[in-house]
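Grab a pencil and work through a few exercises on the model shown here. Each task comes with a solution that you can follow step by step.

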Amino acid sequence: MSKPEIIIVRDLGELAHKAAEQFVALAGRAIAGAARFAVALSGGSTPRALYELLGSTEYRERIDWRGVHLFWGDERCVPPDHSESNFGMVRESWISQIQIPAENIHRMEGEKEPRAAAAAYEQELQQFFAPAPGQMPRFDLILLGVGADGHTASLFPGSAALDEQERFVVADYVEKLKAHRLTLTLPVINAAAQVTFLVSGASKADVVRRILRGSETAELPAAKVRPANGSLAWLITKDALADSID
Ligand code: 6PG
């Protein structure tokens, strides 16, 4: 993997615009080449500004939604209309504003029993990407966030899910949340053509500094994201970059 690209932005608005421009460029290239663009979306609050922008009149006409396939990097184990649902957040902020074929929306079924939901999503990825035996599904783009504890997607520090090398999707019981989560595994994330972290908020400054300096990152899941044959970008608002880079 080449060195991560680190893009420092003023605020969430500029982060959303930079990420939207990357999305438009990658989608246009993928659809022109392979007639489809497969992206795995992040949950949380930071990406919402991007999703709203992509659904706005400023951007929605610049993308051929017929070729865009939306997946999720992780999901809470709740129904799609629950306030915690990552799918629900994307539907409300973005999907409701665009004409995208229903069959292009590949949501994780958070309402199902977690292990069954993970197995079902694994099947969905198997069917869509049809990877060669032993290979991983290769997303064109995976959007990720990072928690102050260094988690990304729903891969939390100390989780056994971090050691998963074969499955694409796992259901993980997260002790600190006292809840199960569904998440893509590191081999899938690291198989992507492009991974972009969207990071904002002063609470992330310390973990961003530790990750970008490469210091004591062994237990930080986000530090394990290094696409083997892909590119990695960090889009970071200034308030999340307090003296992170020498
Ligand atoms: C989730 C996300 C999670 C998120 C981080 C950062 O389901 O919540 O996948 O990994 O990206 O917690 O969240 P913020 O962007 O809200 O800080």
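**Exercise 1.** Find the residue in S7 that is the bridge partner of Asp74.

*Solution.* Keep in mind that this is a predicted model. Start at Asp74 and look across to S7: its bridge partner there is Thr183. Next, zoom out to the strands themselves. S4 and strand S7 (residues 179–184) are joined by three bridges, and they run antiparallel. Pairing asks for at least two bridges, so with three bridges S4 and S7 pass that test.

**Exercise 2.** Work out the strand order of the open sheet with S4, S7 and S6, and name its edge strands.

*Solution.* The order reads S4-S7-S6, and the pairing is antiparallel. Now look for strands that pair on one side only: these are strand S4 (74–76) and strand S6 (169–174), the edge strands. On average, neighbouring strands in this sheet are turned by 25 degrees against each other, ignoring direction. To finish, find H4: this helix lies across S6 and S7, and it runs at about 155 degrees to S6.

**Exercise 3.** Describe how the rings of Trp65 and Trp94 pair up, then say which parts of the chain they tie together.

*Solution.* Searching the whole structure gives 13 aromatic pairs. In the one formed by Trp65 and Trp94, the centres are 5.9 Å apart and the planes make an angle of 70 degrees. Planes over 60 degrees apart count as edge-to-face, so that's the label for this pair. Then check where the two residues sit. Trp65 is in the loop between helix H2 (48–54) and strand S3 (68–72), while Trp94 is in the loop between helix H3 (86–93) and helix H4 (114–129), so the pair ties together parts 29 residues apart in sequence.

Are they buried or exposed? The cut-off for buried is under 20% relative accessible area. Trp65 has 6%, so it counts as buried, and Trp94, at 0%, is buried too.

**Exercise 4.** Do the same for Phe71 and Tyr121.

*Solution.* This aromatic pair is edge-to-face as well, at 6.5 Å centre to centre with 75 degrees between the planes. Phe71 belongs to strand S3 and Tyr121 to helix H4, so the pair links distant parts of the chain, 50 residues apart. Both Phe71 and Tyr121 are buried.

**Exercise 5.** Which aromatic cluster includes Trp65, and over which ring face does Arg107 lie?

*Solution.* The cluster is made up of Phe23, Phe37, Tyr51, Trp65 and Trp94. As for Arg107, look at the face of Phe87: Arg107 lies over it, 5.6 Å from the ring centre.

How values were computed. Residues numbered from 1 in each chain as written. Predicted model: local features only at pLDDT ≥ 70, side-chain atom pairs only at ≥ 80, totals over all residues. Heavy atoms only, no water. Phe/Tyr/Trp six-rings, centres within 6.5 Å; stacked < 30°, edge-to-face > 60°. Helix = DSSP H or I, 4+ residues; strand = E, 2+ residues; numbered from the N terminus. Buried < 20%, exposed > 50% of the residue type's maximum accessible area, 1.4 Å probe, protein only. Lys NZ or Arg CZ within 6 Å of the ring centre and 35° of its normal. Axes fitted to C-alpha atoms, helices over the stretch in contact; angles between N-to-C directions. Contact = heavy atoms within 4.5 Å.
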